[in-house]
Each structure stands twice: as C-alpha cells, then as structure tokens.
Amino acid sequence: MSDTDADADASPATESNALRTPIVAVLGHVDHGKTTLLDKIRGSAVSEGEAGAITQHIGATAVPLETVSQMAGSLVKPEDFDLPGLLFIDTPGHHSFSTLRSRGGALADIAIVVVDVNDGFQPQTLEALDILKRTGTPFVVAANKIDTTPGWNPQDGSPIQGSYDSQSDSARGRLDENLYEIIGNLSDEGFSADLYWRVQNFQKNVGVVPLSAMTGEGIPDLLAVLMGLSQRYMKEEMEIDVSGPGAGTVLEVKEERGFGATVDVVLYDGSVREDDVIVVGGVNGPIVTEVRALLQPRPNAEIRTEKRFDKVEEVRAAAGIKIAAPDLDDAMAGAPIRVVRDRSEEEVIEDVTSELAEIEVDTADEGVVVKADTLGSLEAMANALKEAEVPILRAEVGDVAPRDVAVASTAREMENKVILGFSVDVLPNAEDELETSEVRLFRDDVIYQLVEEYEEFIDERQRAQQETVMDKIIRPCRFRILEDHVFRQSGPAVVGVEVMSGTLKNNTNVAKWEGNKPTRVGQLSGIQEQGEDVSEVRAGNRVSIAIDGPTVGRQIEEGDELWTELPEKHAKILEQELSDEIPADELEALTGYLNKHRRRDPFWGK
Ligand SMILES: Nc1nc2c(ncn2[C@@H]2O[C@H](COP(=O)(O)OP(=O)(O)OP(=O)(O)O)[C@@H](O)[C@H]2O)c(=O)[nH]1
Ligand SMILES: [Mg+2]
C-alpha cells in the first residue's frame, strides 16, 4: 500500500483483503423515497436541496461498514463482516435504470426497490422490476413510508419488530394490508416474495422490508438484509484484484471550475491512479487521455451534490470518483471507462469500442431520429421503439442539434420527420431550424410516455388521412325500385326505392348490371324521405329519388336492382385500405359489386 496516501484511507476499499464494496442500486417510482432513504442512511439532506425534490441524475455514495453498523445497531455487528461497506447508487425515478451497465451486465450487484406502501406499484416500479429480471440482479423491496399509516406511532430508528410491537391493532392491520398488496403485486410479476423475516433463501425469494425513510424505523433491518445477502451470496464476486487496471462506468459528464469537463464514475473493478492513461467512451468514439486529478467524495457524501472533494492519488473499486482529465467534453454518460496501465492502448481501445458496439442501435434507411442523455437511456429508448415497431434512422447521445433537424427533414414520410428526445435539451440554433422546418420534436423524461406521445401523433395523422379519403371517396350502395312507385317517367325519372345495403348519396352515378357489364343509367339528382330533401340515406330505408337521364320502361323498370357506380380506383381503396372502417352492410355492397366485375375481369379493382 506504499503508493496510497493518507487521504485514500477514507475509501472503504483500501484494506488489503481485496474484497470490494458491493454496489447497491436504489430504484423505484418518482417520490417513493429513494433519496430520503439514502439521506437517512448517510445522515445528509440531499433530497431537500433538489429542485422540486426530484433527482435528475444518478449519484453514488460510499457508506463504510462502521456507518452501516452504527445505523443498524445490534442487527449488524462489524466483526461478522469482512465487506468494507456498501456503495449506494441513487437513481431518478423518472429515468430508466438501464443506464447502469458494466461489461455488458448490470453495474449493481444488488438493488433496493423502493415502494411507497400507500401508493403501491407504479409504472417505474414495474420498469425497475423488468430490468432487474432481465439482468438477473438480486433485490429487496423497501416498503417505505410506513409512518404515514393512519394511527401510526413512530419509533425513530427502531428495528421493525420493536416498531410493530408499539402499534395499535388497527394501525398494524392497515399496514399489513398494504404489505400483502405489495407481495401480491410482486407475485403477479413472477417473483415469489414475503416479509423478509419469513424468507429463508434470499436467492429464491424476494424479501420485503417495511420501513420509513423519514423516521428511520426498519432501516436497521434493511441494512442487515443487504449486508447479509452480500456477505453470504456475493463474497466470491467481491473478490477482485484491487491493484489491477480500473474498469468503471461514467455516470455523468460535468464542468468543474478549474478542471473543465470532468466525469463522475463508478469504479467497479481494479484501481485508478493519478497519471494513469484512460480510455473513455465518447460521442465520437473512444477518448484516450491521462488522469490529471482524482477527486473523491468523503465517505457518506453524495458525489452528485458534494462540494468538497479530497484529491487522492489512487482509488480502488468499488467507489464513486470524479476524474479530471483533458478532452473529456465528448465523454458519454453510461459509457465504459478503462485504465490502460500495463496493457497496450490499442487493446483497451478495442475493449471500449466493442463494449460500445454492444449498445449500438439497429437503424433503418427510413425512420425517426432519437436523442437521449446517456447511452443506457438511448438503449432503453431503442428497445421501447423496437417493441412499438417504430424504425430508427439515427440514434445518438446528446442534446438536439441543428444536424439532427437536418437529418430528420430528409425523411420521405411525415411520420419520420420526427426527433424523439429523452431527457435532452434543444440547442438554441436547433430551435430556429425546428421552427422553419417540417420536423416535429417530441420530448419527455419518461420513456414510455415519449413513445406514447409519438404513437398518438401517428394515430391522429392516420385518422385525419382516412377521414379526408372517406370524404372524397364514392361509397358502394345497392338499391331496388319498388313496384307501383313510379311518380314520373322521365326528366328526371322519380321512383320509390328501398336501400338494400350501403348508403345512397345524392349526386352519384347510378348503374345497372346487364349481363357482365354495368351500364350507367343516369345521375341521382334528389332524395326525399317522407317529403323532406335529404343528401343521403342508409340501408333499410325507403325513399323517393330523382334520376336524371333514364326513362322508366326503357333504361330502368319497376323492380330493377340498381347500384351506385364505383370508379375502379375507389373500389380498390375501399377494399384494400378501408374495409375495416366501413359498416358491414356497405362491405356487403362492395363485395357484391366487386364480384360482379370480377366475373368478367378477375383483376378489376386489384
Ligand atoms: N412521511 C414520509 N415521507 C417520506 C418518506 N420517504 C420520503 N418521504 C417524502 O417523499 C417525498 C419524496 O422523497 P424523495 O426521497 O425525494 O423521493 P425519490 O424517490 O428520491 O424521488 P425521485 O428522485 O424524484 O425519483 C419527499 O417529500 C420526502 O420527504 C417516509 O418514509 N415517510
Ligand atoms: Mg430522488
């Protein structure tokens, strides 16, 4: 440890045992209490300082074993553990957690899914569970805000058993009801779950820990479960070569006074030292640079909000660390970062490139433009769009730039002249371009909402298009001249008819089938229903109509079956595009008309 200075001892991972800190991701729906829970554990007030109390970026906090055992009291005895503590990753509830990758897997070793006991499962709860399922990450559920149960008698900082014992039967009953609802919801999602003290095997079953991030009751239990789980099932995975070249994931790219662009990183393997050459995934490919300064947040401090960093010479996994180095402006949140050290630079660049390639999105020749704030969210967007069968022309990390507008405007179809922006800003000059182009921009901070907004736009457009088509198109109709209902022979002929199928409209051409051919007999010039002029009449009704052209007894007769004459093009559109939109009787008229034509010409209207 000769090259480690005194400052670095603040890192929980500097002991020679080479067991790294487990990485614990805190996930859950907006406002369910993730940041407050971490605040309670680390003794800070990050949540209160957040704009609108909403977490915008992923953060990291190293909590040493001593702090954990202080909080957990008798439930966590430091001598029972040889893990150095826990590294907590806070995530924004409105954001997808898949930002957190490491070498193709999940960055977190373990997760806490925070669920508000009163609010229950919400969209981001499900999103979090989906990702945990996909990545096979073990997790516990923190059933938070138990103090809001009506009639609750708070027991600050107490283990849950003591807290339970101090409640009235009715308060306990209410809480139990909510807890069983959560257990039921978990089982609906395919997880076998129970209250944590009933769980024997945490690898098979999900433990639910009732707690309050506000009063701290139940938090000792949560910490005991996390420590127990890590120590028991993950010790092997925690054994790393702490002096090997570091590997990590970029959480955020930030300007820091005096340093320029810096990256906040979660280091999950090896170590990083001052003057190490590093390779970082960037918007325009891997960036090779040299570490100028390693800035470590103090223990129990959130890297996201910390103002005072200790400058250190070396950091060992697992840790949250701010790295200052030249040329980091184009670094990408969510991208890999690797220390070169005794390997060849090419080899490490290759490593980073292939990891970036894993996340690359399938693109098509025609599709929408996607922008997202991090690689992980870009990947999540791409997955969501694939599921919704929306093709992507180009997908990139970064704010909406003029170039994106230019690319989107080259699309042929209006529905592809679109930019979908997830958690990104619009650069001022792109704003101007958007105003003068046909390109539409959709922006949101929730992936599924962004996809939904776009789908609504598509539906709306299709509906509008169909309506204009329907307005312009001639619709099929079959009708019959009634016996003894001839009111005028000709000029125009006025007869009583019954509409058999479809809708009869004024000003349409009337045809009669003779042999295999329709003959136009004239044009409808008036419809009267019970003495009133109408412009159309539905199947099943009897009306009198005036037809310009024919004479009754010559071109038409009592009892004749007549049809609205359909242009071939209209018949084709009706059959191929609108057959789901028109009523059954009209479809029958259409089929009848087509069949008659096709007896002569099988390809008519095709
Ligand atoms: N009564 C009570 N309120 C709580 C508890 N935990 C959190 N809150 C409150 O719930 C609100 C949201 O808490 P946060 O910790 O910011 O929630 P979050 O999950 O981090 O939210 P995002 O970061 O936006 O996803 C705040 O007003 C907290 O004070 C709890 O256990 N009891
Ligand atoms: Mg938060």
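These legends go with close-up views of a predicted model.

**View 1. The whole chain, split into its domains.**
We start wide, with four domains to keep in mind: domain 1 covers 18-238, domain 2 covers 247-357, domain 3 covers 368-467 and domain 4 covers 477-600. To get a feel for the layout, take the centres of domain 1 and domain 3 over C-alpha atoms: 35 Å separate them. The other views pick out single strands, a pocket and two helix residues.

**View 2. Strand β20 and its covered faces.**
Here we zoom in on β20, residues 368-372, a mostly covered strand with five of its five residues buried. Look at one side and you find Val368, Val370 and Ala372; flip to the other and you find Val369 and Lys371. Both faces are covered, and the lysine is buried along with its neighbours. The chain then leaves β20, passes through helix α10 (residues 375-387) and arrives at β21, making a right-handed β-α-β crossover.

**View 3. The strands that pair with β20.**
Now for the partners. β21 (residues 392-397) runs parallel to β20, and five bridges join the two. If you want a landmark for this pairing, use Val368, whose bridge partner in β21 is Ile392. β20 is also joined to β22 (residues 418-422), again in parallel, by four bridges. The landmark for that pairing is Val369, which stands opposite Ile419 of β22.

**View 4. The largest pocket.**
This one is about empty space: the largest pocket holds about 1200 Å³ of it. Its lining counts 47 residues, and the ones closest to the pocket centre are Val283, Met332, Asp373, Val397 and Gly398. Several elements chip in with two or more lining residues, namely β10 (247-256), α9 (345-359), α10, β21 and α11 (402-409). Which element gives the most to the lining? That would be β10, with five residues. As for chemistry, the lining is a mix of 20 nonpolar, 13 polar and 14 charged residues.

**View 5. The β13-β14 hairpin.**
A small hairpin fills this frame. β13 (residues 277-280) and β14 (residues 287-290) run antiparallel, with four bridges joining them. Val277 is a handy place to start, since its bridge partner in β14 is Glu290. Six residues sit between the strands, and Gly285 in this hairpin takes a positive phi near 105 degrees. β14 has two distinct faces: Ile287 and Thr289 make up the covered one, while Val288 and Glu290 make up the uncovered one.

**View 6. Strand β25 and the hairpin it makes with β24.**
Next comes β25, residues 493-505, which is mostly covered: 11 of its 13 residues are buried. β24 (residues 477-488) lies antiparallel to β25, and seven bridges join the pair. Follow Arg480 across and you land on Glu498, its bridge partner in β25. The two strands form a hairpin with four residues between them, and Gly491 in the turn has a positive phi of about 65 degrees.

**View 7. More partners for β25.**
Staying with β25, we turn to β30 (residues 542-548), which is antiparallel to β25 and joined to it by six bridges. Gly496 and Ser544 mark the spot, as Gly496 stands opposite Ser544 in β30. β29 (residues 536-538) pairs with β25 too, in the antiparallel sense and over three bridges. Lys505 is the residue to look for there, with Glu536 in β29 as its bridge partner.

**View 8. Two helix residues, Asp169 and Thr436.**
The last view looks at two residues. Asp169 belongs to helix α6 (residues 169-188). Is Asp169 buried or exposed? Asp169 counts as exposed because its relative accessibility is 63%, and the cut-off for exposed is over 50%. Gly151 is 18 residues from Asp169 in sequence and 9.8 Å from it in space, C-alpha to C-alpha. Thr436, meanwhile, is found in helix α12 (residues 428-436). With a relative accessible area of 72%, Thr436 is exposed. Thr436 and Gly592 are 156 residues apart in sequence, and their C-alpha atoms are 50 Å apart in space.

How values were computed:
Residues are numbered from 1 along each chain as its sequence is written. Chains are lettered from A and ligands numbered from 1 in the order in which they are written. This is a predicted model: local features need pLDDT of at least 70, side-chain atom pairs count only at pLDDT 80 or more; totals for chains, interfaces and linings use all residues. Side-chain values use heavy atoms; hydrogens and water are left out. Buried means under 20% relative accessible area, exposed over 50%, partly exposed in between (1.4 Å probe, protein chains only). Two strands pair if DSSP finds at least two bridges between them. A crossover is right-handed if, with the strands pointing away from the viewer, the path from the first strand over the helix to the second runs clockwise. On a 1 Å grid over the protein atoms alone, a cavity is a set of points where a 1.4 Å probe fits but cannot get out, and a pocket is an open set with protein on both sides within 12 Å along at least five of seven lines; lining residues have an atom within 4 Å of a point. Grid points are joined across faces, edges and corners, and a volume is the space filled by probe spheres set on the points. Ala, Val, Leu, Ile, Met, Phe, Trp, Tyr, Cys and Pro count as nonpolar, Asp, Glu, Lys and Arg as charged, and the others, Gly among them, as polar. Domain bounds come from an automatic or database domain assignment.
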